[in-house]
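This briefing addresses two topics: the packing of a pair of helices and the pairing of aromatic rings.

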Amino acid sequence: MSEAQVAEIVGNIATFGLMLIMFSMGIMLRVRDFINVVKKPAASLLGLVGQILLLPIMAFGICYLMELPAVLAIGLMVLSACPGGPTSNAISMIAGGDIALSITLTALSGLFAFITAPLVMSFSLNYFQIPGAQLELPFIQTSARIFFTTVVPVCLGMYLGGRFPNLEGYRQTIFRSGFGLVITTSLLLLIARSELLGSVQAMFAALLLNVSMMGLAYLIGSLLLKQEKQAGIITVEVGLQNVSLAIVIVLTTLEVFEMLAPTLFYLPIAYVTGFGFAYLMRKRDRRAVEA
């Protein structure tokens, strides 16, 4: 079996896993959640601006300042174009934040991603030229792939969750199954291409993107939002990217394995910083209650 065939199989499995994750997210959502966003848009708009606009700008700045090789720069830009992720919802819950805001932000950013991600990817491919490679992005095909991978499962989850309330009891199982598929395919790919973890530049770029965006998001959220819990949610949502979507895009659209290096480093880094932030938020809340 050729490397291309293996990549196609791994990519299809990861795509199915991502669809299960997005479906499980839709089960928790209702139309009223989006209506509430319209009624009180400040936190949601701030989160979306951070995810869709500030993240790619920060990633580009890191690529430029670190003078990353083109293949790593494109990989980091792809990661920055995949806003939000189901992991952020779990961390937000541990942190004691506004869970409804977290889930809504993750879903909204996923809905926008089918437009914004191809735009960022197209810019990156044009700006960061890989020597000896002619990479072109089929914009409409890429948008359609992301749309059917993210938007459609969320909408289907919303519909079925509304029709069959008992489905909510299976949400965690569906989520874990999808996440398990994505992580398993990532680990298999990592074992097969262990040289991807040999790049110190990719590691520092991923670390810098995560830490700088969490810090910036918390600063802006604390200054502009009245509720500290909302500022915490913005920090988690903007600081933690959708690694699952980034992996699927690289495997199924760009098909350059080396671009996965920043994402593979980002995964454990985001867990450490995310859960560390959640621990600090819970500790702060306990001190406030005791006071």
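Is Tyr127 buried, partly exposed or exposed? With a relative accessible area of 42%, Tyr127 is partly exposed. The model is predicted, and the points below cover the aromatic pairs that involve Tyr127, followed by the contact of helix 4 with helix 9.

**Aromatic pairs**

- A search of the whole structure finds 9 aromatic pairs.
- Phe60 and Tyr127 form one of the edge-to-face type, with 5.1 Å centre to centre and 75 degrees between the planes.
- This pair links distant parts of the chain, since Phe60 lies in helix 3 (residues 42–66) and Tyr127 in helix 6 (residues 99–127), 67 residues apart.
- Phe60 counts as partly exposed because its relative accessibility is 24%, a value between the 20% and 50% cut-offs.
- Phe123 and Tyr127 form a stacked pair, with 5.7 Å centre to centre and 25 degrees between the planes.
- Phe123 and Tyr127 are 4 residues apart in helix 6 and are therefore separated by about one helical turn.
- Phe123 is partly exposed, at a relative accessible area of 39%.
- A cluster linked by ring pairs contains Phe60, Tyr64, Phe123, Tyr127 and Phe128.

**Packing of helix 4 and helix 9**

- Helix 4 (residues 70–80) packs with helix 9 (residues 200–224) at an angle of about 25 degrees, and their axes are 11 Å apart.
- The two helices are therefore roughly parallel to each other, as the angle is under 35 degrees.
- The crossing of helix 4 and helix 9 is right-handed.
- From helix 4, Leu72, Leu76 and Leu79 meet Gln201, Ala202, Ala205, Ala206 and Leu209 of helix 9.
- This contact comprises 7 nonpolar residues, 1 polar residue and no charged residues.

Methods. Residues numbered from 1 in each chain as written. Predicted model: local features only at pLDDT ≥ 70, side-chain atom pairs only at ≥ 80, totals over all residues. Heavy atoms only, no water. Axes fitted to C-alpha atoms, helices over the stretch in contact; angles between N-to-C directions. Parallel < 35°, antiparallel > 145°, perpendicular 65-115°, else oblique. Left-handed = near helix turned anticlockwise from the far one by under 90°. Contact = heavy atoms within 4.5 Å. Nonpolar A, V, L, I, M, F, W, Y, C, P; charged D, E, K, R; others polar. Phe/Tyr/Trp six-rings, centres within 6.5 Å; stacked < 30°, edge-to-face > 60°. Buried < 20%, exposed > 50% of the residue type's maximum accessible area, 1.4 Å probe, protein only.
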